Amino acid sequence: MATKASRTAARAMVSPAVILLLGWMIVPLAMTLYFSFLRYNLLNPTQGGFAGFDNYYYFLTNPAFFQALTNTLTLVLGVLVITVFGGIGLALLLDQPIWGQGVVRVLVIAPFFVMPTVSALVWKNMFMNPVNGMFAHMAKAMGLQPYDFLAHAPLASIIVIVAWQWLPFSTLILLTALQSLDREQQEAAEMDGASVFNRFVYLTVPHLTRAVTVVILIQTIFLLSVFAEILVTTNGGPGTASTNISYLVYAQSLLNYDVGGGSAGGIIAVILANIVAFFVMRMIGKNLDA
Amino acid sequence: MARKTTQTRKALTTVAAWSIGFLIFFPILWTVLMSFHSEGDAIKGPFAMLASPWTFESYGEVQHRSNYALHFWNSVVISFGSTLAALVIAIPAAWAMAFVPGRRTKDLLMWMLSTKMMPSVGVLIPMYLMFRDFGLLDTRSGLVAVLTLINLPIVVWMLYTYFKEIPGEILEAARMDGASLRSEILHVLTPMAVPGIASTVLLNVILAWNEAFWTLQLTTSDAAPLTQFIASYSSPEGLFYAKLSAASTMAIAPILILGWFSQKQLVRGLTFGAVK
């Protein structure tokens, strides 16, 4: 239908976006790849030259890498478990007829709009601080010894903070999905004598499955690169107890000034993310047809 | 009888929902409450703090001791600047893809989305070095450029899903009546696209306001937006609860209010149209 002229115009209109994104994707990534094969330390200008796979070798055999990998996966899985199950529960609850539904909704989604540095510091100081935090005051009131969450269970504490930020997201998406459920279909099933349980299993669950998949995939993308929360709460510590891949690459590059090693880590992070992205793209691509 | 049980049930669900909602909101509420008490009272414990006199002094102190207004302004410039820049690039692209789709339009959209999935640490070093060499470290324009590129795929996608919903027949009709491409865009498309564009702007300002990787890496003081400014409170000498609360409250309040207006768009924008 479109004429040849409008096709040319369309191409001209799309190209700025394409060129910019192409540049954004290829230029820095190519540089990272290039640096990852160099001996390149900002503090030691005399050192240089081609390093082969040495940077990769050192990065991957560094004990911190294995810990960071486990931490990354624990963080992603921990947050996903809390937000998906919590989100399903909350969405089902909020979908019921209640008084003031709008207000409750507003309260529940609020944490999502809090910037990561604020939520991390609020939790770290006002709640988890072993001397002045709310939890310490509560423990003391009950005659218990206050617990230093970020020193003794740093990763678990970060999981709680990040889950608090993402629970609103899963709840909101699952609630939106629930509310788009076909009411007539529900009523028809009820008329035909389907029990509450059967209606839930055969109508609600299949309908929610898609939304749950979307939640898992999109959250995974963001959770793989959690950074600010770790930076302001624990700095990856104690030791490397709460270091994830993103933080390790940052520490290697901008704290140790090891451009080569940091770049190798960056490339590894990109590969990991791509494995996940592959599944995300397939999922969203399918929905695009529908 | 049946009616009575439903009323009881409704009351119970209401109580449950409100309790959970209150618990989830509590950290924010507590931060706001704490910001209205003095530094000494803030660490006395929950009940003692609530009983202590209320004061605005922390708000004054934050502005007094640091250049809070500057960081707030940086956040405004960076989030709105990057959103507007992304719009200028994305509107023509989304328009073309929605109304003149070609064989490769779908692949192009998917490819744009895939750039969003590249982890930022993967390009941290080259970006840092380029910023250093071009003197862009700690400048607002540098950050606007990066955030524009980061959010461009989401902007294109959101606009695309909104433009897709505008019936193509209307454009055909305008074209039949001899409307030029320019007037087609200005007089037919724009009025119908405004709600979608507004939603896109809203979501993007929120995302850019809260972006906390590049803002932390690429700014230190002059161009530091609120994310970076608040992060400076993580050092031990920054352990001033009331001031941290006041700074945090001012940092999240505007975006919280915007966010509450954008619930619907949020779902659509963040799921790339997969859930509406």
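**Note on a predicted two-chain helical model**

1. Buried residues account for 53% of the 290 residues in chain A. The model under discussion is a predicted one. In chain B, 56% of the 276 residues count as buried.

2. The secondary structure of chain A consists of 13 helices and zero strands. Read from the N terminus, the elements of chain A accordingly run α-α-α-α-α-α-α-α-α-α-α-α-α. The radius of gyration of chain A is 24 Å, whereas the globule rule gives 19 Å for 290 residues, so chain A is more spread out than a compact globule. Along the principal axes, the C-alpha atoms of chain A occupy a box of roughly 80 × 80 × 30 Å.

3. Chain B contains 14 helices and zero strands, in the order α-α-α-α-α-α-α-α-α-α-α-α-α-α along the sequence. The radius of gyration of chain B is 24 Å, while a compact globule of 276 residues would have a value near 19 Å. The box filled by the C-alpha atoms of chain B, again taken along the principal axes, is roughly 75 × 75 × 35 Å.

4. Contacts between residues distant in sequence deserve a separate remark. In chain A, 69% of the contacts between residues at least 6 apart in sequence join residues at least 24 apart. In chain B, residues 24 or more positions apart account for 74% of the contacts with a separation of 6 or more.

5. The surfaces may be described chain by chain. Chain A has an accessible surface of about 13,100 Å², and 68% of this area belongs to carbon and sulfur atoms. For chain B the accessible surface is about 11,800 Å², with 68% belonging to carbon and sulfur atoms.

6. On charge distribution, chain A carries 12 positive and 11 negative charges, whose mean positions are 11 Å apart. Chain B carries 19 positive and 15 negative charges, and the mean positions of these two sets are 12 Å apart.

7. An unreviewed UniProt entry places the feature "domain: ABC transmembrane type-1" at residues 69-280 of chain A. In the model, residues 69-280 of chain A are 76% helix and 0% strand. The end C-alpha atoms of that span lie 21 Å apart.

8. The UniProt annotation "transmembrane region", also from an unreviewed entry, covers several spans of chain A, among them residues 12-37, 73-94 and 106-123. The span 73-94 of chain A is 100% helix and 0% strand, and its end C-alpha atoms are 30 Å apart. For residues 106-123 of chain A, the helix content is 67% and the strand content 0%, with the end C-alpha atoms 20 Å apart. Further spans under this annotation include residues 155-178, 208-228 and 264-284 of chain A.

9. One residue merits individual inspection, namely H137(A), which lies in helix 6 (residues 134-141) of chain A. Is H137(A) buried or exposed? The relative accessible area of H137(A) is 16%, and the cut-off for a buried residue is under 20%, so H137(A) is buried.

10. Which residues does H137(A) touch, not counting those up to four places away in sequence? Within chain A, H137(A) touches V131(A) and N132(A). In chain B, H137(A) touches I43(B), K44(B), G45(B) and P46(B). A reader viewing the model may therefore examine the buried H137(A) together with these residues of both chains.

Note on methods:
Residues are numbered from 1 along each chain as its sequence is written. Chains are lettered from A and ligands numbered from 1 in the order in which they are written. This is a predicted model: local features need pLDDT of at least 70, side-chain atom pairs count only at pLDDT 80 or more; totals for chains, interfaces and linings use all residues. Side-chain values use heavy atoms; hydrogens and water are left out. Helices (H or I, at least four residues) and strands (E, at least two) are DSSP runs, numbered from the N terminus. The radius of gyration is taken over C-alpha atoms; the globule rule is 2.2 Å times the number of residues to the power 0.38. Buried means under 20% relative accessible area, exposed over 50%, partly exposed in between (1.4 Å probe, protein chains only). Contact means heavy atoms within 4.5 Å. Accessible areas come from the Shrake-Rupley method with a 1.4 Å probe; for residues, only the protein chains shown count as cover. Lys and Arg count as positive and Asp and Glu as negative; His and the chain ends are not counted. The place of a charge is taken as NZ of Lys, CZ of Arg, CG of Asp or CD of Glu. UniProt positions are given in the numbering used here, feature names are shortened, and annotations may be inferred rather than shown by experiment.
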